[in-house]
There are 2 protein chains.
Amino acid sequence: MTPATVTFQSDARAVTLDAGQTLLDAAFAARVPLNSVCGGRGICQRCRVQVLAGPVHVEATGRLDGQVLACLTRPAGDVVVEVPEASRIEGEQILTGAERGLGPFLSIPEEAAAALPATAGLFVPSPLAFRLPLDLPPPTLHDNISDEQRLTRELRRRRNIRDVRIPIEVLRALPGVMRAGEWNVTAALARANGGYEVIDLAAGVTAPPACGVAIDVGTTTIVVHLLNLDAGTTLGAAAALNRQITFGEDVISRIIHAGEPEGLERLRAAVLDTVNLLIGGLAKDHGVARDQILGAVCAGNTTMLHLLLGFSPAEIRREPYIPVATTPLSYRAADVGLRIHPRALAAMMPGVSSYVGGDITADVLAAGMDGTEELSMLIDVGTNGETVVGNRDFLVCCACSAGPAFEGGGITWGMRAAKGAIQRVEIRPDGTPAWTVIGGGRPRGICGSGLVDLLAELLRAGVIDRAGRLAADGPGVRVGADGPEFVVVPAAKSAAGRDITLTAADIENLLRAKAAVYAGAALLARRLGLSIHEIRRIYVAGGFGTYLDIGKAIRIGLLPDVPPERVTFIGNGSVTGAKMALLSYEVWRRAAEVAQKMTYRELSTDTAFMEEYVSAMFLPHTDCARFPRVCAELGMQS
Amino acid sequence: MTPATVTFQSDARAVTLDAGQTLLDAAFAARVPLNSVCGGRGICQRCRVQVLAGPVHVEATGRLDGQVLACLTRPAGDVVVEVPEASRIEGEQILTGAERGLGPFLSIPEEAAAALPATAGLFVPSPLAFRLPLDLPPPTLHDNISDEQRLTRELRRRRNIRDVRIPIEVLRALPGVMRAGEWNVTAALARANGGYEVIDLAAGVTAPPACGVAIDVGTTTIVVHLLNLDAGTTLGAAAALNRQITFGEDVISRIIHAGEPEGLERLRAAVLDTVNLLIGGLAKDHGVARDQILGAVCAGNTTMLHLLLGFSPAEIRREPYIPVATTPLSYRAADVGLRIHPRALAAMMPGVSSYVGGDITADVLAAGMDGTEELSMLIDVGTNGETVVGNRDFLVCCACSAGPAFEGGGITWGMRAAKGAIQRVEIRPDGTPAWTVIGGGRPRGICGSGLVDLLAELLRAGVIDRAGRLAADGPGVRVGADGPEFVVVPAAKSAAGRDITLTAADIENLLRAKAAVYAGAALLARRLGLSIHEIRRIYVAGGFGTYLDIGKAIRIGLLPDVPPERVTFIGNGSVTGAKMALLSYEVWRRAAEVAQKMTYRELSTDTAFMEEYVSAMFLPHTDCARFPRVCAELGMQS
């Protein structure tokens with residue numbers, strides 16, 4: 001079989017495939033945002049495409065309504081393909097946090113800003129990697145120190161930069177560069193391991209700005225922000241499915257796969273592919289050369305960072321749950337495999353334990369909860385649900401497996417917060433739902449915030465009861481192939497031309513997820529001897545996109561029943577925290593302090609956890625005393 | 001031309017050559033110690049071999065008395081070669097400093113030992129690289145820190161080791177190694193850049209000792225000592241001609257060659273070849289695996305260290321004489337190209353300037369002159385003659401080109417201090433010379449100390465006059481092909497079966513060399529306003545081997561006329577200093593202090609230099625007031 005070229009018509013992109021590769025592989029390589037959540041196993045049926053020309057082999061279950069599933073279709077020659085609107089992720093519009101108006105050094109939540117020293121203004125710009133133009137005095141017989149000392153002396157004089165390491169490759173180029181630039185040079189520096197490293201040296205004053213990338217390595221979604229480190233601005237953001245999803249949807253299945261022969265290398269290659277394609281795309285779109293990208297800060301859960309670095313995650317799931325490393329590691333990009341400047345800084349956000357990773361440290365930084373006296377709680381609603389309680393004096397965290405329901409996983413019409421997703425739902429007095437779609441147009445599915453709204457509204461309208469059971473005679477309720485379901489969007493109004501529904505199984509999955517998150521938070525507070533009233537502020541992080549109706553999240557019992565004004569939604573805290581650290585050495589140092597200060601409370605071995613979890617499987621909860629406002633509003637009693 | 005195999009009969013070694021390579025290349029590759037001092041250009045005629053079988057191409061001037069010059073002979077098929085005794089370097093017996101009885105931590109000159117803190121005993125064993133067996137507590141649910149923290153915590157607890165960097169490759173292996181060893185591991189560590197780096201980690205307690213190499217990268221000769229870093233003992237030493245000699249005999253011609261296309265890379269490859277072959281040979285001979293060698297300290301002049309590191313030396317010879325770097329650089333062995341453990345420490349002895357390199361810093365450390373109040377002077381008699389004056393408060397140095405005469409270069413029968421070299425000479429009352437040969441047997445040539453003796457004895461016996469002219473009627477004097485010459489050893493008693501002579505041209509070369517060395521030392525003292533009587537001790541370093549008759553070195557005016565008991569011969573101070581630094585972090589730190597403290601005095605621009613030099617072209621000197629004892633002894637007057 002000779003290599004085949006796949007052309008994506010509307011996207012005007014073409015790639016050549018190796019034998020055995022699918023149209024889904026082609027879309028990924030061509031950076032065409034074709035949807036897929038099952039990892040190319042023909043299950044999710046979201047990667048439907050139209051083959052306009054050329055021969056293809058399609059597996060038995062790969063043909064649907066005149067379209068084919070890209071993951072089950074292999075070209076048998078050159079083909080031309082069209083990706084319909086309904087099958088597009090619209091990757092550039094995945095909610096990446098960039099929408100939060102991240103201006104120059106003003107990009108952080110107010111709370112985080114407040115945690116910075118007052119004397120420092122809103123944000124101290126001290127990026128982990130930067131360029132410094134230097135006007136060196138030319139050598140004379142009376143000032144004939146070495147080229148290397150001339151450079152380090154100037155760094156000391158100009159910026160009091162000491163403890164500078166210069167890689168051998170840079171020293172080899174030093175004499176040529178200094179003389180080519182007639183003693184005007186631009187040094188690219190990174191802060192690493194307590195000192196500075198000279199990443200590169202260029203002749204003259206180089207005009208293009210120093211850039212960096214903040215990377216949220218999620219189990220499901222990877223988000224990359226490209227930053228101008230000089231200006232402190234976000235140039236762009238992009239997100240894509242973590243290609244590792246082919247090897248399993250959750251952390252545990254990835255760990256199992258890593259134990260197979262070559263498994264770890266395959267997983268590492270998959271995440272690096274995803275990250276590097278996102279970086280490459282952003283760099284291209286914003287006219288940034290890869291060598292201009294001088295630093296990367298990566299945040300993610302402990303397993304994700306292990307797989308990125310090629311560390312075995314095997315012991316993470318074996319008692320006593322030992323990670324290889326969670327400290328703030330700083331390597332060169334080439335050592336890690338990031339395709340930016342080979343000597344660029346590749347820094348890993350420090351984590352706490354096997355189940356509380358650098359993403360949570362980043363959340364804490366983004367919320368600024370380590371900087372205030374006020375007692376606060378952070379709840380990260382992700383595949384793994386994490387809760388942190390504390391203030392500037394202490395931080396305690398726990399983790400519990402919540403599943404991917406609020407990221408759209410395991411929900412029939414679930415999807416990530418991207419264009420076409422229903423993000424808000426109301427049940428009108430006549431019992432019919434009204435919805436808001438991200439980016440407008442016909443809905444393609446429902447994202448996390450839409451699911452929260454939907455559940456809350458169905459409860460309020462009495463379409464579901466406290467146990468989440470659909471009322472057989474409720475408006476919009478019918479019995480589908482898999483039992484009772486609620487029709488959210490009729491076929492005529494949906495992008496796919498099919499009914500968008502919420503099934504009884506979907507509701508069950510959502511209840512499990514919200515119960516796990518709440519149980520973790522509640523038990524942690526209980527074990528710390530705190531009542532919810534003593535917690536002055538609750539931060540919510542997660543892949544909900546820009547929007548989360550706090551009141552509705554409380555109504556379904558995902559969040560504790562506190563006055564909604566005490567709850568702040570911080571979005572993707574992982575990428576925000578990574579970005580803050582990349583832009584400020586002070587924040588990076590705080591990251592290490594936060595991770596070190598934070599203590600991990602193992603709740604999986606706490607016998608009370610299952611009790612909390614089971615009690616939370618109701619809406620909002622079995623115990624109305626815990627949710628007095630919600631129960632009063634809905635006229636419920638324990 | 002197909003590859004040919006060259007077999008060295010007595011050595012029982014064989015190598016396969018590429019087209020165009022010579023028998024000298026073959027000897028080098030096979031580690032057969034075939035002599036050669038001209039770099040394979042058919043000039044020195046020391047690489048004579050016997051072709052026992054097989055076809056060869058010999059260049060026109062390559063045939064001599066039934067033998068061929070290996071450097072001018074290329075095999076035209078498989079050949080068998082015999083290297084006669086007279087053509088052997090006896091590399092393992094080159095005087096490498098190992099003979100100075102370097103016992104466990106007792107290997108340093110008394111003066112250097114005296115410079116160490118009294119509380120530290122004679123020598124504090126704190127090698128730059130070492131192994132540490134660790135008995136880690138196995139993780140439990142109550143002690144579930146990461147593998148990396150378990151390692152760093154134990155290093156901190158056991159040895160107060162902080163600021164530890166762990167390369168990504170070591171972290172990748174960490175979980176497997178710790179568990180394979182059932183929490184008994186052996187860490188290999190190096191001290192670099194103000195902290196520690198974990199070079200490697202092995203399961204269990206590994207028995208073989210940590211080893212290291214001290215390397216003197218000389219312009220002419222490279223000396224390597226292999227050390228057991230645990231015991232502080234020298235396992236062995238080896239020396240070889242620096243293969244760069246093919247590209248020129250002195251530093252200046254090497255710098256010129258480095259400016260040609262690929263020149264720098266060729267020179268770097270040549271020195272690395274030499275060093276790696278020496279290391280490989282030593283490792284093999286002493287049953288040490290390359291991966292067991294965890295550290296290297298390299299000393300050499302600034303140009304030599306530049307070429308080793310791949311730094312352009314171009315600016316070293318251009319006003320204002322700027323080196324790329326002279327600070328104490330620490331890299332990984334693989335970055336430098338040393339074939340030891342790839343992550344082993346490769347540390348460069350710091351230097352002062354373009355013309356005062358790390359070899360002089362090493363000399364100062366070996367002499368211990370930076371640690372005492374006593375004012376002393378160090379004279380390094382090498383191709384470049386360097387002088388240092390100072391004590392614990394100040395150090396001033398100068399350099400002047402002396403040529404390779406005292407290393408045997410440019411002298412008809414000159415050779416390095418190796419087996420077969422005449423190292424002592426006396427002229428008996430009957431006018432015939434008596435000599436001592438290193439290793440016994442028939443002499444093959446004369447080494448530096450023999451040349452000093454010879455000159456001093458010829459002067460005393462009146463065979464040469466104060467200008468170095470041979471008395472036409474002196475005993476043993478005859479007129480040879482190139483003018484007057486003195487027969488040191490008649491053909492019947494020499495290894496080569498030919499007369500060993502000292503020609504008028506040889507004497508001229510020796511006078512130039514000794515005049516340059518003395519002029520530098522004298523002018524430096526003069527510029528510092530010091531008389532020679534104020535200098536309490538003179539240290540002499542250089543490739544003289546184990547022996548130098550101080551009285552005779554004074555008699556010819558190589559050294560100032562001080563009481564001989566004030567002069568200490570320290571041998572190859574470069575390799576001794578490198579070894580001391582490798583064995584002791586305190587010494588390594590002192591190296592940086594010495595290099596920083598030492599100021600360089602440029603004498604080449606001092607108009608008085610030529611005057612000093614010309615005055616010193618006599619024996620002992622034009623000015624008898626400078627050499628009162630010698631002149632009195634010899635009945636001379638100014």
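Which residue in β14(B) is the bridge partner of Gly212(B)? I began my notebook with this small puzzle, keeping in mind that the model is predicted.

**Entry 1: a pair of strands**

I looked along β14(B) and found that Leu227(B) is the bridge partner of Gly212(B). Then I stepped back to the two strands involved. Strand β13 of chain B covers residues 211–217 and strand β14 of chain B covers residues 221–228. They pair in the antiparallel sense, over seven bridges.

**Entry 2: the sheet around that pair**

Next I asked where these strands sit. They belong to an open sheet of six strands in chain B, and I wrote down the order as β15-β14-β13-β16-β18-β17, with mixed pairing. β15 (233–241) and β17 (330–332) of chain B each have a single partner strand, so one side of each has no neighbour in the sheet. From one strand to the next, the twist averages 20°.

**Entry 3: another sheet in chain B**

I also looked up an open sheet of three strands, ordered β25-β26-β27 in chain B, where the pairing is antiparallel. Its edges are β25 (477–480) and β27 (500–503) of chain B; each has a single partner strand, so one side of each is left without a neighbour in the sheet. Here the twist averages 45° from one strand to the next. I followed one pairing in detail: β25(B) joins strand β26 (residues 483–489) of chain B over four bridges, in the antiparallel sense. Within β26(B), Pro484(B) is the bridge partner of Val479(B).

**Entry 4: a helix check**

How far apart are the end C-alpha atoms of helix α10 of chain B? I found 18 Å. This agrees with expectation, because 13 residues (448–460) at 1.5 Å a residue should span 18 Å. I then checked how covered α10(B) is: twelve of its 13 residues are buried. Among them are Gly448(B), Val452(B), Asp453(B), Glu457(B) and Leu459(B). Just after α10(B), I noted that Gly462(B) takes a positive phi of about 80°.

**Entry 5: empty space inside**

My last search covered the whole structure and turned up ten cavities of 30 Å³ or more. The largest holds about 460 Å³ of space. I counted 29 residues in its lining, and those nearest its centre are Asp216(A), Gly218(A), Gly382(A), Glu407(A) and Gly543(A). Several elements of chain A each give at least two residues to this lining, including β13 (211–217), α9 (358–367) and α13 (573–583). Sorted by class, the lining has seven nonpolar, 15 polar and seven charged residues.

Definitions and conventions. Residues numbered from 1 in each chain as written. Chains lettered and ligands numbered in written order. Predicted model: local features only at pLDDT ≥ 70, side-chain atom pairs only at ≥ 80, totals over all residues. Heavy atoms only, no water. 1 Å grid on protein atoms, 1.4 Å probe; cavity = no way out; pocket = protein on both sides within 12 Å on 5 of 7 lines; lining within 4 Å. Points joined across faces, edges and corners; volume = space filled by probe spheres on them. Nonpolar A, V, L, I, M, F, W, Y, C, P; charged D, E, K, R; others polar. Expected span 1.5 Å × (residues − 1). Buried < 20%, exposed > 50% of the residue type's maximum accessible area, 1.4 Å probe, protein only. Pairing = 2+ DSSP bridges. Axes fitted to C-alpha atoms, helices over the stretch in contact; angles between N-to-C directions.
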